[in-house]
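Let's take a friendly walk through this protein, from its overall fold to its charged pairs. Have the sequence and the 3D view at hand as you read.

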Amino acid sequence: MKQSSRTKRLAKHHKRFKAGGKLNLVALMDIFTILVFFLIVNQSEVRVLQNIEKIKLPVSIAEELPVENLVITVLPDTVLIQERAVWQNSDDKPNFSEQENAQFITAITTELTYQASKRVELTESEKEKGRAVTIIGGSETPYLVLKQIMAACAETGYRNMSLAVERQASKTQSEG
């Protein structure tokens, strides 16, 4: 039996759509490539220190962003270095006895020495300024404790010290 041209065209049309659809991945790959580069470039813009609910940071109008380095967290009853507890206060007294003071400094110095031994080679900046460390302590942290931590840092080669603060909007930012 002879088919009409219309029947042939319909058969060809049904055969073409019966095979299934093909996915063109070129456009999708282009979009993901652009997205990856965008995320890589903008990833370095945001610097967030650990957010610890127990610590209320002092307020400052500091303009510099924090950099990634060793972090010492001073809680009311604990001192953490890189999120590892190195000292805990058994009493609620803020002042130390001579023996407790020596144990406090020894514990911090030992951990800082261990952290320094993990990365022996220093950059030119670190040779000049010393290793970098950020101290996160609440505004209620006693000065004596901060002074002892800073002395232990300086003793172990961590001389480039930064204190974490909460950034306060300057007048020009809040008005505009």
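A salt bridge here is a side-chain nitrogen of Lys or Arg within 4 Å of a carboxyl oxygen of Asp or Glu. The side chains of Arg 119 and Glu 126 fit that description, with an N to O distance of 2.4 Å. Please keep in mind that you are looking at a predicted model.

**The charged pairs**

How many salt bridges does a search of the whole structure find? The search finds three, and they are set out below.

| Salt bridge | N to O distance | Accessibility of the Glu | Accessibility of the partner |
|---|---|---|---|
| Arg 119 and Glu 126 | 2.4 Å | Glu 126: 14% | Arg 119: 40% |
| Arg 84 and Glu 111 | 3.2 Å | Glu 111: 5% | Arg 84: 43% |
| Lys 127 and Glu 124 | 3.9 Å | Glu 124: 61% | Lys 127: 52% |

Start with Arg 84 and Glu 111, whose closest N and O atoms are 3.2 Å apart. This pair links distant parts of the chain: Arg 84 belongs to strand E4 (residues 84-88) and Glu 111 to helix H3 (residues 98-118), with the two positions 27 residues apart in the numbering. Glu 111 counts as buried because its relative accessibility is 5%, whereas Arg 84, at 43%, counts as partly exposed.

The pair of Arg 119 and Glu 126 also joins a buried residue to a partly exposed one: Glu 126 is buried at 14% relative accessible area, while Arg 119 is partly exposed at 40%.

Glu 124 and Lys 127 sit together in helix H4 (residues 124-129), three residues apart, or about one turn of the helix. Glu 124 is exposed, with a relative accessible area of 61%, and Lys 127 counts as exposed at 52%.

**A nonpolar patch**

Now turn to the surface. Leu 23, Leu 25, Leu 28, Met 29, Phe 32, Leu 35, Phe 38 and Leu 39 make a nonpolar patch of about 850 Å². One of these residues, Leu 25, is found in the loop between helix H1 (5-18) and helix H2 (26-43). Leu 25 has 45% relative accessibility, so it counts as partly exposed.

**The whole chain**

Finally, step back to the fold. The protein chain has six helices and seven strands, which follow one another as α-α-β-β-β-β-α-α-β-α-β-β-α. Of its 176 residues, 26% count as buried. The accessible surface of the chain is about 13800 Å², and carbon and sulfur atoms account for 56% of that area. Among contacts with a separation of 6 or more, 68% are between residues 24 or more positions apart.

Conventions. Residues numbered from 1 in each chain as written. Predicted model: local features only at pLDDT ≥ 70, side-chain atom pairs only at ≥ 80, totals over all residues. Heavy atoms only, no water. Helix = DSSP H or I, 4+ residues; strand = E, 2+ residues; numbered from the N terminus. Buried < 20%, exposed > 50% of the residue type's maximum accessible area, 1.4 Å probe, protein only. Contact = heavy atoms within 4.5 Å. Areas by Shrake-Rupley, 256 points an atom, 1.4 Å probe, with all protein chains shown as cover. Patch = residues over 30% accessible without salt bridge, like charges linked within 9 Å, V, L, I, M, F, W, Y side chains within 5 Å.
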